[in-house]
Amino acid sequence: MAKLWAIVKREYLERVRTKWFIIATVFGPVFFGTIIIVPAVIAKRSKSSSEFTNTVILDATTSGVGQRVAAAMNRMRTPGSAAPQVRVVQPSALSAAESLATHRVMRKEVSGYLVIDRQTLDGEQIRYAGRNATAISDMEGLRSTVKETLLNERLRKEGVDSARLRELTFMPLRLDAERITDKGRGGSGTVSIIFAAIVAFLLYMSIVLYGQNVLRGVLEEKTTRVAEVVVSSVPSETLLAGKVIGVGAVGLTQQVIWVIASVIMFKLRQPVLQRFGVATIPFQLPEISLGLALLLLVFFLLGFTFYASLYAAVGSSVNSEQEAQQAVQPLLILLVATAIFINPILLNPTGQLALVMSLLPFSAPIIMPLRLSLGSVPWYDVAIALAGLVLSCLVAMWLAARIYRVGLLMYGKRPTLREMARWVSYSG
Amino acid sequence: MTDYCIEIENITKRFAQHVAVRNLSLHVPKGSVYGLLGPNGAGKTTTIRMMLDIIAPDEGTIRILGVPFNDKHIPNRIGYLPEERGLYRKMQVRRILRFLAELKGMKGAVADARITEWLERLDLKTAEKDWGLAKIDELSRGMQQKVQFIGTLLHDPDLVILDEPFSGLDPINSQALKDAVVDLKRRGKTVIFSTHLMDNAERLCDSVCIIARGEKVLDGPIARIKAEHGTRNIALSLDGETSESVAEVLADRSLVQRVDDSNRYFEIELAPGADSQRLLRRIVDSGATIQRFELVQPSLHQIFLERVGAAGIESGMAGHG
């Protein structure tokens, strides 16, 4: 046991100490954080931005519509942003005023200018030029504000009094969209889909990354011939087990750090986004029961052990990185095939595909956690998946240990499948 | 029978296409220096790996230090230096040594003290520079070999197994290794090493075993082996260039069975029934200036060539030209 521990310790510490690990562990959360913040900020651009009201209104009419548009925009103004400014100009002086306004936009004093002229009063056209001209909803907001103002103007001319007017036109229509899935309607639908996607993606990524890591570790020991020194001191099974446990622990460490960092970032999301001037709906973290968390952990550990053992077997049977890349193809195909189905299964988590993929041992470590995160799964499905996975793990470890023991000291040409089968049958 | 460190009885190891070791038995006395000699591919490394329980023999038994070779505690008492040397390249020297010590069941703290001792002893830790804190890649090849050697001996093993220890060593490190082997013997340890360099084996070993094509050719104490191979050998040194006429004499099969020509030094095996004095006279007559003409026991090298046979030097053929 002391020797196994020495190997686990080495595998763990030597990896955790590398720059690669530190960078990935620190930048993972930064990356996730960016994923959380940036879309919201971009989305904000397609909502009304604070620049929306920081405009100059060039009113080339004498109707006073410019003032009323400004007043309407003012009501929509977010706190801290600049109020619109109104310039009443003669139609003949309009082009001069426009070029002046253009310069102010270029100097970033205002974000744009709006031209109100005869055609506007006729309800035909308004013109806007500014930095945010591509922000769809800024433009939509401007159009509807002006339209509303003009409409009010017309109604007023028809003799509707202003109190009645506001009563009639005030309509803060909000669209509440709710999703209906096979499971029925649920407000938290989006949240659990995002959560499930993250779980599946994380599992997939860490199995691929750390599986490759096991392979590279085995290959290093083989090519530098350290393996021979080590297996003269401990049985090769101990070395294999130590490696899988050590590397698995590194992966787990990284995930724990990522999960904690993500939770903290979700908590910080609101204040950060407010800084960017984005109002957000409070985003509920999914409720994860202890049982679910444990189950996810078990699936990760089993899945990792399954793939890491096979990766180790591949690593011990090849002589170079190039050979390894070829030999690892079958494993990668299993993993990539699983990853390809993540999306369809997210969309239809109760379909045949989801059921089958969550029970097959090679895809269960990723797909069953995905189903579990999406909602309740019958206990017997979980039990079948677990049993199949445990069994496959045992077979994979047994096979890997035998291939590993022979392959580790075998140099020269890459073995054929038949030769590897013979290695498995070697007695000792 | 516990005065043997290693007792190997009739082991056989087959691989897919060939038999690597066939029915091999050998006995290594405790506290001796033992040479496992043979040409490349003779089965030396396979034999060593079986002693270390890295691979298991298909037949036969191996006992080490009085217990079966796969006893759980045996590896802690063996130090092993494989033929192909290598260490984790990115790992710090001290950490790697500590790891190797832990694999031999040592406690970290005990190992640390010994590592310091060894690093100082082999000049890897001096007042200016402590290579113990460097990574393996930063070390020169010679230094890496020293580190590997420390790793082999750190846990003070009773049995030290060195596979081709002299290959790739410069003369200085080679001498240091010989000193270390002598030191180990003096401290009562058993040392086994494989080599195809007969000179080293002849000088260092108490006993040897010569194997070829997976089979034992001969074994026993060096003194006995040499005595058994008689004194029909002559050491001959000539002054100046070897003339045609001397070459002719040495090529005479009625006198010379075999000659190992090292240019200025010849080791000659007399033909059966030939008289050494007649050979001496013939050489004098040929006009050569003799520096040395001595009846000697055959060198291990000669015995090896004779028993194993080697391409290029066959019976009766002088190695001139």
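## The open sheet in chain B

Let's start with a sheet in chain B: four strands make an open, antiparallel arrangement, running in the order β2-β1-β4-β5. The edge positions go to β2 (19–29) and β5 (67–68) of chain B, and each of these has a single partner strand, so one side of each is left without a neighbour in the sheet.

Zooming in on one pairing, strand β1 of chain B covers residues 4–14. Seven bridges tie β1(B) to β2(B), and the two run antiparallel. If you want a spot to click on, try B:Arg14, whose bridge partner in β2(B) is B:Val19.

## How far to trust the model

Keep in mind that this is a predicted model. The overall scores are an ipTM of 0.79 and a pTM of 0.72. For chain B, pLDDT averages 85, and 95% of the residues reach at least 70. Going element by element in chain B, helix α2 (residues 93–103) has the highest mean pLDDT, at 94. At the other end of that ranking is helix α10 (residues 300–308) of chain B, with the lowest mean, 82.

One stretch needs a warning label. Across residues 310–321 of chain B, pLDDT stays under 50. The model has 19 contacts beyond four places in sequence for that stretch. Where pLDDT is low, the predicted coordinates shouldn't be read in detail.

## Two domains in chain B

Chain B splits into domain 1 (4–221) and domain 2 (229–308). Their C-alpha centres sit 38 Å apart. Where the two meet, ten residues of domain 1 of chain B are in contact with six residues of domain 2 of chain B.

Which elements give two or more residues to the domain 1 side of that meeting point in chain B? They are α6 (198–204), β9 (207–212) and β10 (215–221) of chain B. Helix α6(B) gives the most to this side, with four residues. By class, the domain 1 side that touches domain 2 in chain B has eight nonpolar residues, two charged ones and no polar ones.

## Where chain B meets chain A

Between the chains, 21 residues of chain B are in contact with 19 residues of chain A. On the chain B side, α2(B) gives the most, with four residues. That's also the helix with the highest mean pLDDT among the elements of chain B.

What classes of residue does chain B bring to the side that touches chain A? The split is 13 nonpolar, three polar and five charged.

## The chains in overview

Chain B has ten helices and 14 strands. Its C-alpha atoms fill a box of roughly 75 × 50 × 35 Å along the principal axes. Of the 321 residues in chain B, 40% count as buried. Take the chain B contacts between residues at least 6 apart in sequence, and 71% of them join residues at least 24 apart.

Chain A, for its part, has 18 helices and six strands. It runs to 428 residues, with buried ones making up 34%. Among the contacts in chain A with a separation of 6 or more, residues 24 or more positions apart account for 74%.

Definitions and conventions: Residues numbered from 1 in each chain as written. Chains lettered and ligands numbered in written order. Predicted model: local features only at pLDDT ≥ 70, side-chain atom pairs only at ≥ 80, totals over all residues. Pairing = 2+ DSSP bridges. pLDDT = per-residue confidence, 0-100. Contact = placed C-beta atoms within 7 Å. Domains from an automatic or database assignment. Nonpolar A, V, L, I, M, F, W, Y, C, P; charged D, E, K, R; others polar. Buried ≥ 20, exposed ≤ 12 C-beta atoms within 10 Å, placed from the backbone.
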